[in-house]
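User: I would like a close look at a single part of this structure, described through its contacts and its surroundings. Please begin from one residue and work outwards.

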Amino acid sequence: MATDRDFIDYVAEQLALGERLTHKKMFGEYALYVDEKVVAFACDNSLFVKPSSAATALAPTLPQRPPYPGAKDYPVADELLDDADGLRRLILETAARMPLPKPRAPRKPKAAPKPRR
């Protein structure tokens, strides 16, 4: 089951991070970014926070399961969805521990079409 856009809107409302929070739809699910760092995934209308020392310290009792088949276990933050302050703290601390994304390699210009004879 794909994640509903309403779920993403609710998570964004709870986090109240404005333009710092972005998301990208991927395969019917979403990746959530804070300051361009992936901090969570929304899969099947559940919020999976990237595993880090932030989750271990701030929310050690969160259940864990893989967000998609073949993935490692992630903390599932669904029980924090109605605790805006706790959720925001967890997401911001997770972002602080994530590395900056690697810069993309510049695209090579396309070759000019060969003239027809």
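Analyst: In this predicted model, Leu92 touches Leu17, Arg20 and Val34, once residues up to four places away in sequence are set aside. Leu92 and Val34 are 58 residues apart along the chain, yet their C-alpha atoms are separated by 7.5 Å. Leu92 is a residue of helix H3, and with a relative accessibility of 27% it counts as partly exposed.

The helix itself comes next. H3 spans residues 84-97, 14 residues in all. From its first C-alpha to its last it reaches 20 Å, close to the 20 Å expected at 1.5 Å a residue. Its buried residues are Gly86, Leu87, Leu90, Ile91, Thr94 and Ala95. These residues lie on the same side of H3, because the arc they cover around the axis is only 165°. The elements that cover them include helix H1 (5-15) and helix H2 (53-58), together with strands E2 (29-34), E3 (37-43) and E4 (46-49).

Part of this buried side belongs to the largest nonpolar core, which has 24 residues. Leu87, Leu90 and Ile91 are among the members that touch the most other members, and Leu32, Leu47 and Ala77 share that description. At least two residues of this core come from each of H1, E2, E3, E4 and H3. Ala77 illustrates the links to the helix: beyond its neighbours within four places in sequence, Ala77 is in contact with Leu87 and Leu90, as well as with Leu47, Val49 and Leu62. There is also a second, separate core of seven residues, including Phe41, Phe48, Tyr74 and Val76.

Charged side chains of H3 form salt bridges within the helix. Arg88 pairs with Asp85, with 3.0 Å between the closest N and O atoms. Arg88 and Asp85 are three residues apart in H3, so about one helical turn separates them. Arg88 is partly exposed, at a relative accessible area of 22%. Further along, Arg97 and Glu93 meet in a salt bridge of 2.7 Å, N to O. Arg97 and Glu93 are four residues apart in H3, about one turn of the helix. Both are partly exposed, Arg97 with a relative accessible area of 39% and Glu93 with 34%.

One of the contacts of Leu92, Arg20, leads to a salt bridge outside the helix. Arg20 forms this salt bridge with Asp35, the closest N and O atoms being 2.6 Å apart. Arg20 lies in the loop between H1 and E1 and Asp35 in the loop between E2 and E3, so the pair ties together parts that are 15 residues apart in sequence. Arg20 is partly exposed at 39% relative accessibility, and Asp35 is partly exposed as well, with a relative accessible area of 35%. In total, the structure holds four salt bridges.

The strands E1 and E2 complete the picture of these surroundings. E1 (residues 21-26) and E2 run antiparallel and are joined by six bridges. Lys25 has Tyr30 of E2 as its bridge partner. Two residues lie between the strands of this hairpin, in which Phe27 takes a positive phi near 55°.

Conventions:
Residues are numbered from 1 along each chain as its sequence is written. This is a predicted model: local features need pLDDT of at least 70, side-chain atom pairs count only at pLDDT 80 or more; totals for chains, interfaces and linings use all residues. Side-chain values use heavy atoms; hydrogens and water are left out. The expected span of a helix is 1.5 Å times one less than its number of residues. Buried means under 20% relative accessible area, exposed over 50%, partly exposed in between (1.4 Å probe, protein chains only). The arc is that of the directions from the helix axis to the C-beta atoms. Contact means heavy atoms within 4.5 Å. A nonpolar core is a set of buried Ala, Val, Leu, Ile, Met, Phe, Trp, Tyr and Cys residues joined through side-chain atoms within 4.5 Å. Two strands pair if DSSP finds at least two bridges between them.
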